[in-house]
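Me: I'd like a close look at one part, please: the largest pocket. Take me through it slowly, from the chain around it to the residues inside.

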Amino acid sequence: MDPRRAAVGSLTFLVRRAWLNMRSAIAGELTAFGLSTSQYATLLMAEVRPGMSAADIAREVASSRQAANEMLVGLEQEGLIERRANPSDRRSHQIFVTESGRTRLADARKAVDRCEDELEAAFTPEQRAAIREWLESIAAAGR
């Protein structure tokens, strides 16, 4: 076994630990906006890909379809999203961000960006670019 791996843990563990620490920092920022990290991620995705289904959301936030539906109900009750019947599949609904949802997302995004900037402050722009490229490659390879 590689001595570095034995000393610091597997790659999977390190990525998970980094994610959990970042998620905790982001979650702290999002409380001021009444959002969880999953709700924030859902608003981001639905803004970029209007018309996603609850199943699409569940896959993207790595939750069960039931948990995603419960989260969507909360977002809908707050007026941040709306669900519309899917014209090509009557059994599902499409998710759309409302104007109120876009406003809350924009405000929350500023706080999240500020938090991420603080977390990345020790890295050079080149290191940041390399880290992002590597993470995107790992995510694609894991699909």
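**Around the largest pocket**

Reply: Follow the chain along its sequence and you meet the pattern α-α-α-α-α-β-β-α-α. That comes to 7 helices and 2 strands (DSSP runs of H or I with at least four residues, and of E with at least two, numbered from the N terminus). The C-alpha trace spans about 55 × 30 × 25 Å along its principal axes.

Residues are numbered from 1 along each chain, and this is a predicted model, with local features needing pLDDT of at least 70, side-chain atom pairs counting only at 80 or more, and totals for chains, interfaces and linings using all residues. Side-chain values use heavy atoms, leaving out hydrogens and water.

The mean pLDDT (the predictor's confidence in each residue, from 0 to 100) is 90, and 94% of the residues reach 70 or more. Among the elements, helix 6 (residues 99-119) has the highest mean, 96, while helix 1 (residues 3-8) has the lowest, 60. Where pLDDT is low, the predicted coordinates should not be read in detail.

Now to your pocket: its space is about 1800 Å³. A pocket is an open set of points on a 1 Å grid where a 1.4 Å probe fits, with protein on both sides within 12 Å along at least five of seven lines; lining residues have an atom within 4 Å of a point. There are 36 lining residues, and Val15, Trp19, Met22, Leu135 and Ala139 are the closest to the centre. Two or more lining residues come from each of helix 2 (11-30), helix 3 (37-48), helix 4 (54-60), helix 6 and helix 7 (125-141). Helix 2 gives the most, with 11 residues. Sorted by class, the lining has 22 nonpolar, 10 charged and 4 polar residues.

Helix 4 also takes part in a salt bridge (a side-chain nitrogen of Lys or Arg within 4 Å of a carboxyl oxygen of Asp or Glu). Here Arg49 meets Glu60 at 3.9 Å, N to O. Arg49 sits in the loop between helix 3 and helix 4, Glu60 in helix 4 itself, 11 residues apart. The structure's count is 10 salt bridges.

Key: Points joined across faces, edges and corners; volume = space filled by probe spheres on them. Nonpolar A, V, L, I, M, F, W, Y, C, P; charged D, E, K, R; others polar.
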